[in-house]
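Work through the exercises below with the model open. Try each task before reading its solution.

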Amino acid sequence: MDPAALRKFDGLTVNHARRLSGVGAVENLRFLILAGCDLGSLDEVDGLRGLGTLAVSDTVIGSVQSLAHLDVHTVTAERSELLDISPLLQCQGLVEVSLKGTALSDESHRSVIPELIARGCAVYLPSDLERELMTKMRENGIPFSYYQSRKGYRLCRPGLKYTETPEVNHPVISPDELQRMLLSAPESIWHLFSESI
């Protein structure tokens, strides 16, 4: 596409990507939506100085370090395999962060979240129960997200490693049932996805 034409775009949605090659050519990008992607990092967004909103869902992101150099005001990383959000502390204009269904590391939960809140940033987190169950799943080698929706608590497989469409087929399972499965037969949790199709 002609570079002049790319400058006309201020928003972009990317689905099921394994890399963001070329996204830097969309120089005037104000908002970027990443759905069902599997990305090692967000290095390709580093040059997008006008980016204000990043919305990520059902996605694996290894690092958000590139956001530290940008003046984003809204970051959504829901149902995403993201542990370290400390680079967000360098985003001075940050006003809202949503991390529903994202477990985070203990360090991010204990230190980064309180600092963001103290700065006046609105932060939306998984409940303590959701976070506890996601942590237990990870301890059992199950890299799933757990979140509450209108239809109940659901599991999600972020990224493209276990499914081609991580944004669909999120089985409903109560916290009590998930806890029982984790105690008795954690490997059976994997089978919930084939049952919910």
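**Exercise 1. Find the volume of the largest cavity and classify its lining.**

Solution. The largest cavity has a volume of about 30 Å³. A cavity is a set of points on a 1 Å grid over the protein atoms alone where a 1.4 Å probe fits but cannot get out. Points are joined across faces, edges and corners, and the volume is the space filled by probe spheres set on them. Next, list the lining, meaning residues with an atom within 4 Å of a point: Val64, Val75, Ala77, Leu82, Ile85, Leu88 and Leu99. By class, 7 are nonpolar (Ala, Val, Leu, Ile, Met, Phe, Trp, Tyr, Cys or Pro), with no polar and no charged residues.

The model is predicted: local features need pLDDT of at least 70, side-chain atom pairs 80 or more, while totals for chains, interfaces and linings use all residues. Residues are numbered from 1 along each chain as its sequence is written, and side-chain values use heavy atoms, without hydrogens or water.

**Exercise 2. Decide why strand 6 is largely enclosed.**

Solution. Strand 6 (a DSSP run of E, at least two residues, numbered from the N terminus) spans residues 74-78. Check burial, under 20% relative accessible area with a 1.4 Å probe, protein chains only. 5 of the 5 residues are buried, so the rest of the structure largely encloses strand 6. Now split the faces. Thr74, Thr76 and Glu78 are buried on one side, Val75 and Ala77 on the other.

**Exercise 3. Identify the strands that pair with strand 6.**

Solution. Pairing needs at least two DSSP bridges. Strand 4 (residues 53-57) pairs with strand 6 in the parallel sense over 5 bridges. Here Leu54 has Val75 as bridge partner. Strand 7 (residues 96-98) also pairs with strand 6 in the parallel sense, over 3 bridges. There Thr76 partners Ser98.

Key: Buried means under 20% relative accessible area, exposed over 50%, partly exposed in between (1.4 Å probe, protein chains only). Helices (H or I, at least four residues) and strands (E, at least two) are DSSP runs, numbered from the N terminus. On a 1 Å grid over the protein atoms alone, a cavity is a set of points where a 1.4 Å probe fits but cannot get out, and a pocket is an open set with protein on both sides within 12 Å along at least five of seven lines; lining residues have an atom within 4 Å of a point.
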